[in-house]
Amino acid sequence: AVRGWIPSSRAQPVIGDTNLTREDCVSSTTPETDALRTPGLVAVSVVAALFVAGVLLLSGYDPPSADIKYDWLATREALRVGGDAHGDLLQLAAQEGVAVQINAPIGAERITGHPRTPGALLLLAPVAFVPYDVLFALAAGVTALSVAAMVGLTLRRRSRTLIGYFALLLLLTPAAMAIRFAGQAGLVAVLALSGWAMASRRDSVWAGVLIGLAATLKLFPLILVVPLYLAAKKLSGHGALATFVLLNLAGLFLPGITFARAMDELMLATGTWLELVANGSVVRQLVGFGLSTTAAAVIAIGVAVAVGFVYRRRFQTQPFFWLILSLLVLPLSWVSYDIVLYPVVLQMLHSSDDRLRLLGWLSVGLWLIPVAAYPFAVVSIGAFGLAVRLLLLGALLWKADEFSDGATSKPLHSTSPSLASATRVYGGSG
């Protein structure tokens, strides 16, 4: 049986919920071993993933700007011909006979290389040997499966309910953008949260390895080492940092990859892509008010550090508070990354508190608006994403001291928005 992302083996009732069923709670005597008794969700998610991948493959859908296309071009250049992995993407695309578009706001310096760290290129090296049309479809299918995993391993509900949530979340902006641009946000979220759940059950290097893998692909999960060390999960923290560092060092041994070129492209990407509409970073909004990128980044990071310091003990066993801070302050923080916050919204939708449920549905609505308006290009996707991040952070801070674990009447350390099962899902018992 699958343990799922439920780290505690003790009873953890839904906070404040007086209408519980046996299925909603974890047995007080039996470790959680049946978290994924959802054959309907499994079947539907597999069919959905195959359907999404099949439609993309058979239709020949090929957007000119897609993360996996840039990864494919860079790794092929490095591994197949020994060329510069951070070379001119337009030239690499012409050599491979594919269309590519490098997005940039009007007047911005146009980036030409692929802004990937050596470690990310190392992990993505196998994509160089997969036909691109198959690869794009596969990436979309993985995103669909990742969303299903979020639902099935967060809620203990009947399959019909879980299937409904799966369908809904798949339509929201984070998943829709991840499928549209064939990104790895879904995979990153599953790796990061699985590593966190493992560390919550038992401090181990392997838990950290999963978080390190996620952070190598996308930087934002690296912040989880902070609560790991605060909660005295030193082995997990060491494992995450070591994995991140070692993978990036190992990537430098691949042909066509150098540290200097990687850093140049990463810095150039920050300036070029900062103001793109899908960027949900606070830094982007501050730059829009006339601040320089450096000043905006310093202010955003300073405020995040202060908030994290003030609430460090309260949230030392809860990952989402830290993930939201990271997503807010990274200069490039695409809305697709918010897939990692799906469990928070699912918990809010199942809260016994009417106000939290309302905020949960408001988050869903804010994530739906850009999808509905996308064909008309009339909204800033990033602004709606930023609004949801701030709303979820507010929900966490607002309800942190109002819920108990149902046994001690003490405030929870794990305040996963009090929501459907604060210590039961992801949080651990400290």
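A residue is called buried when its relative accessible area is under 20%, exposed when that area is over 50%, and partly exposed in between, using a 1.4 Å probe and protein chains only. By that scale Ala 178, with a relative accessible area of 2%, is buried. The structure is a predicted model, in which local features need pLDDT of at least 70 and side-chain atom pairs count only at pLDDT 80 or more, while totals for chains, interfaces and linings use all residues. Residues are numbered from 1 along each chain as its sequence is written, and side-chain values use heavy atoms, with hydrogens and water left out.

The protein as a whole has 19 helices and zero strands, where helices (H or I, at least four residues) and strands (E, at least two) are DSSP runs numbered from the N terminus. Of its 430 residues, 55% count as buried. A contact here means heavy atoms within 4.5 Å, and among the contacts with a separation of 6 or more, 75% are between residues 24 or more positions apart.

A useful place to begin is helix α7, which covers residues 173-180 and contains Thr 173. Thr 173 is buried, with a relative accessible area of 2%, and, once its neighbours within four places in sequence are left aside, Thr 173 is in contact with Val 335, Trp 367, Leu 368, Pro 370, Val 371 and Ile 381. Ala 178 is found in α7 too, and, leaving aside its neighbours within four places in sequence, Ala 178 is in contact with Thr 143, Gly 183, Ser 336 and Ile 339. The C-alpha atoms of Ala 178 and Ala 140 are separated by 7.4 Å, although these residues stand 38 residues apart along the chain.

Several of the partners of Thr 173 lead to helix α17, which spans residues 354-373 and includes Val 371. Val 371 is partly exposed, with a relative accessible area of 32%, and, not counting residues up to four places away in sequence, Val 371 touches Leu 171, Leu 172, Thr 173 and Ala 176. Val 371 and Ala 176 are 195 residues apart in sequence, yet their C-alpha atoms are 7.5 Å apart in space.

The expected span of a helix is 1.5 Å times one less than its number of residues. At 1.5 Å a residue, the 20 residues of α17 should therefore span 28 Å, and its end C-alpha atoms are 29 Å apart, which agrees. Asp 353 caps the N-terminal end of this helix, with a side-chain oxygen 2.7 Å from the backbone nitrogen of Arg 355. The buried residues of α17 are Leu 356, Gly 360, Ser 363, Val 364, Leu 366, Trp 367, Pro 370 and Ala 373. An α-helix has 3.6 residues a turn, so residues three or four places apart point the same way.

Helix α5, covering residues 132-152, has 21 residues and reaches 30 Å from its first C-alpha to its last, close to the 30 Å expected at 1.5 Å a residue. Because 15 of those 21 residues are buried, α5 is largely enclosed by the rest of the structure.

Empty space inside the model can also be examined. A cavity is a set of points, on a 1 Å grid over the protein atoms alone, where a 1.4 Å probe fits but cannot get out, and its lining residues have an atom within 4 Å of a point. A search of the whole structure finds three cavities of 30 Å³ or more, a volume being the space filled by probe spheres set on the grid points, which are joined across faces, edges and corners. The second largest cavity holds about 40 Å³ of space, and its lining includes Ala 178, Gly 183 and Ser 336. The lining residues divide into five nonpolar, three polar and two charged, where Ala, Val, Leu, Ile, Met, Phe, Trp, Tyr, Cys and Pro count as nonpolar, Asp, Glu, Lys and Arg as charged, and the others, Gly among them, as polar.

Two loop residues deserve a look for their backbone angles. Most residues other than glycine have a negative phi, and most peptide bonds are trans. Ala 182, however, has a positive phi of about 50°; this residue lies in the loop between α7 and α8 (185-201) and is buried, with a relative accessible area of 0%. Ala 232 has a positive phi of about 65° and is placed in the loop between α10 (225-230) and α11 (234-251), but Ala 232 is exposed, with a relative accessible area of 52%.

Terms used
Polar contact = N/O pair within 3.5 Å; in protein donor to acceptor, adjacent residues only side chain to side chain. 1 Å grid on protein atoms, 1.4 Å probe; cavity = no way out; pocket = protein on both sides within 12 Å on 5 of 7 lines; lining within 4 Å.
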